[in-house]
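Q: Can you walk me through this protein? I'd like to ask things as they come up.

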Amino acid sequence: MTGGESITTVGLVHIYRSEGHDVAALAGVDLTVLAGEVVGLLGPSGAGKSTLLALIGGLFRPSAGKIFVGERELSALTASELDEFHARETSLLLQGARRNLIPYLTPRENVAFAQEAARRLGAEVPDPGHVLESVGLAEHGDTPLAHLSQGQLQLAALAVAMAPAPGVLLADEPTNALDHVARERILEAMLRINRQEGTTIVVVTHDPEVAGRLPRTVTIRDGRIGGEGRSGEEYAVVTADGFLPLPLHARADLPPGTLVRFDKVEDTYVLVPRPTGGSGEDAKPYQDEPYAASPAPQRPVAGDRPAADRPAADRPAAERRSGERRSDADGRPAGKGPTGDGASPAYPAPAGPPPRPRRGGFWDDEEDEVSYRTERRPPAPPQEENTLAEEEDDW
């Protein structure tokens with residue numbers, strides 16, 4: 001076919017299973033590529049670039065969202081319609097030249113073989129020699145692959161991808177592991193195909209020099225579109241829900257939690273962060289107040305202070321019963337503190353009754369606890385004599 005096809009993704013999500021966990025390779029990608037446009041996909045490894053390329057190529061279906069290539073919505077295609085889509089409308093150039101070639105065929109024979117599916121569907125395909133000429137490999141059309149350099153093998157792989165004259169070319173790292181001269185030949189061949197045939201080209205690359213040669217770039221970060229470039233200038237992209245991701249070079253100056261505002265100045269907007277230095281309330285940066293939990297009550301330890309300064313409830317029962325006079329107010333011994341008022345200056349006696357004892361709580365041993373409970377146990381009610389039961393000899 002002649003001319004390119006447009007590409008549109010709407011809310012694209014793809015989740016795959018890895019080591020028993022769900023991993024979101026793409027998390028809501030909205031992308032539009034115009035017909036005949038050349039776009040580079042940038043981003044770190046694992047960002048989702050190759051996954052996005054494979055989804056656009058129809059290799060598998062997304063978990064959610066829609067993909068439109070021209071007028072076709074890929075998830076609605078039947079198996080036969082998808083085969084026709086692969087044979088005539090879209091070509092995928094895999095990473096690594098040899099993955100795209102049959103090793104025992106020449107470049108010309110590889111191109112002819114790649115046209116077979118389109119021919120069976122009645123599509124008009126160009127002559128293999130013309131395809132090799134368009135990529136700059138006409139003089140090596142009949143050379144065995146073993147005699148070609150790495151750059152020439154990549155040109156042969158590009159010719160195979162362009163064999164059915166597709167409307168969309170999807171290239172995954174086409175310049176990977178190439179020297180500077182070979183890389184320039186590949187880029188020139190793809191840009192020439194775009195100018196002459198109008199083919200829509202989407203290129204995945206890690207190379208900043210390659211990205212600088214492309215008229216438009218899209219940066220993928222964490223499965224989302226994080227920015228776009230136009231002729232070397234980087235721009236943030238406002239998402240469909242109104243969020244504006246920060247470019248990488250601005251994240252060091254605007255860390256998470258920074259307050260910013262947008263001021264309109266004439267026909268543009270200026271991003272103004274809140275001051276972080278100086279004095280006064282306006283100069284203090286916003287920070288979430290950490291939650292401070294109340295400290296747990298400390299268990300008294302026997303022997304941590306002199307016996308005279310410890311409350312009566314914290315002393316052994318034997319010591320409490322050795323002639324101490326108890327206060328009527330709080331039940332604690334009186335007259336034992338240095339001030340003579342029943343409390344030490346460093347450890348004043350608290351108001352109210354002492355805490356109720358419990359096993360493993362305040363006492364140093366079980367004997368003290370038992371003796372304490374014995375002293376405060378209320379008298380048992382008198383029992384009535386059961387003379388009738390005694391007479392009947394039931395006990």
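A short chat about the structure follows.

Q: What kind of model is this?
A: This is a predicted model.

Q: How many helices and strands does the protein have?
A: The secondary structure comes to twelve helices and 13 strands.

Q: And what share of the residues counts as buried?
A: The protein has 395 residues, and 38% of them count as buried.

Q: What about the surface?
A: The accessible surface comes to about 23600 Å². Carbon and sulfur atoms account for 52% of that.

Q: What share of contacts is between residues 24 or more positions apart?
A: Take the contacts with a separation of 6 or more. Residues 24 or more positions apart account for 58% of those.

Q: Let's go inside. How many residues are in the largest nonpolar core?
A: That core has 35 residues. Those with the most contacts inside it are Leu93, Val111, Leu158, Leu169 and Met190.

Q: Which elements give two or more residues to this core?
A: Three helices and two strands by label: α5 (128-135), α6 (150-161), α7 (180-197), β7 (168-172) and β8 (200-204).

Q: Which of them gives the largest share?
A: Helix α6 does, with eight residues.

Q: Is there another core, or what else is there?
A: Another core lies apart from that one, and it has 26 residues. Leu77, Phe85, Leu170 and Ile220 are among them.

Q: Back to Val111. What does valine 111 touch?
A: Leave out residues up to four places away in sequence. Then valine 111 touches Pro128, Val131, Leu132, Ala159, Val160 and Ala163.

Q: New topic: charges. How many salt bridges are there?
A: The structure holds eleven salt bridges.

Q: Give me one. What does glutamate 89 pair with?
A: Glutamate 89 forms a salt bridge with arginine 72. Their closest N and O atoms are 2.7 Å apart.

Q: Why care where those two sit in the chain? What does the pair tie together?
A: Glutamate 89 lies in helix α2 (residues 79-89), and arginine 72 lies in strand β5 (residues 72-73), so the pair ties together parts that are 17 residues apart in sequence.

Q: Is glutamate 89 buried or exposed?
A: Glutamate 89 counts as buried, because its relative accessibility is 11% and the cut-off for buried is under 20%. Arginine 72 is partly exposed, at 21%.

Q: What else is buried in α2?
A: Leu82, Phe85 and Ala87 are buried there, along with Glu89.

Q: What covers the buried residues of α2?
A: The cover includes α1 (49-56), β4 (64-69), β5, β6, α4 (116-120) and β7.

Q: Any other salt bridges to look at?
A: Aspartate 22 forms one with arginine 17, and the closest N and O atoms are 2.7 Å apart. Aspartate 22 and arginine 17 are both exposed.

Q: And aspartate 263? What does aspartate 263 pair with?
A: Aspartate 263 forms a salt bridge with arginine 261, with the closest N and O atoms 3.0 Å apart. Aspartate 263 is partly exposed, with a relative accessible area of 25%. Arginine 261 is partly exposed too, at 46%.

Q: Which residues are linked in a network of salt bridges?
A: Arg183, Asp207 and Glu209 are linked that way.

Q: Now a polar residue. Where is serine 91?
A: Serine 91 is in strand β6 (residues 90-93). Serine 91 is buried, with a relative accessible area of 7%.

Q: What lies 2.7 Å from a polar atom of its side chain?
A: The backbone oxygen of alanine 161 lies 2.7 Å from a polar atom of the serine 91 side chain.

Q: What does serine 91 touch?
A: Again, skip residues up to four places away in sequence. Serine 91 touches Ala161, Pro164, Pro166, Val168, Leu169 and Leu170.

Q: Out to the surface. Which residues make the nonpolar patch?
A: Val238, Leu244, Val260, Phe262, Tyr269 and Leu271 make a nonpolar surface patch of about 570 Å². Strands β12 (260-265) and β13 (268-273) each supply at least two residues of the patch.

Q: Where is valine 238 found?
A: Valine 238 is in the loop between β11 (233-235) and α9 (248-251). At 56% relative accessibility, valine 238 counts as exposed.

Q: Last one. Where does proline 103 lie?
A: Proline 103 lies in the loop between β6 and α3 (107-114). Proline 103 counts as exposed, at 63% relative accessibility. Proline 103 and alanine 146 are 43 residues apart along the chain, and their C-alpha atoms are separated by 8.0 Å.

Key. Residues numbered from 1 in each chain as written. Predicted model: local features only at pLDDT ≥ 70, side-chain atom pairs only at ≥ 80, totals over all residues. Heavy atoms only, no water. Salt bridge = Lys/Arg side-chain N within 4 Å of Asp/Glu carboxyl O. Buried < 20%, exposed > 50% of the residue type's maximum accessible area, 1.4 Å probe, protein only. Helix = DSSP H or I, 4+ residues; strand = E, 2+ residues; numbered from the N terminus. Core = buried A, V, L, I, M, F, W, Y, C linked by side-chain atoms within 4.5 Å. Contact = heavy atoms within 4.5 Å. Polar contact = N/O pair within 3.5 Å; in protein donor to acceptor, adjacent residues only side chain to side chain. Patch = residues over 30% accessible without salt bridge, like charges linked within 9 Å, V, L, I, M, F, W, Y side chains within 5 Å. Areas by Shrake-Rupley, 256 points an atom, 1.4 Å probe, with all protein chains shown as cover.
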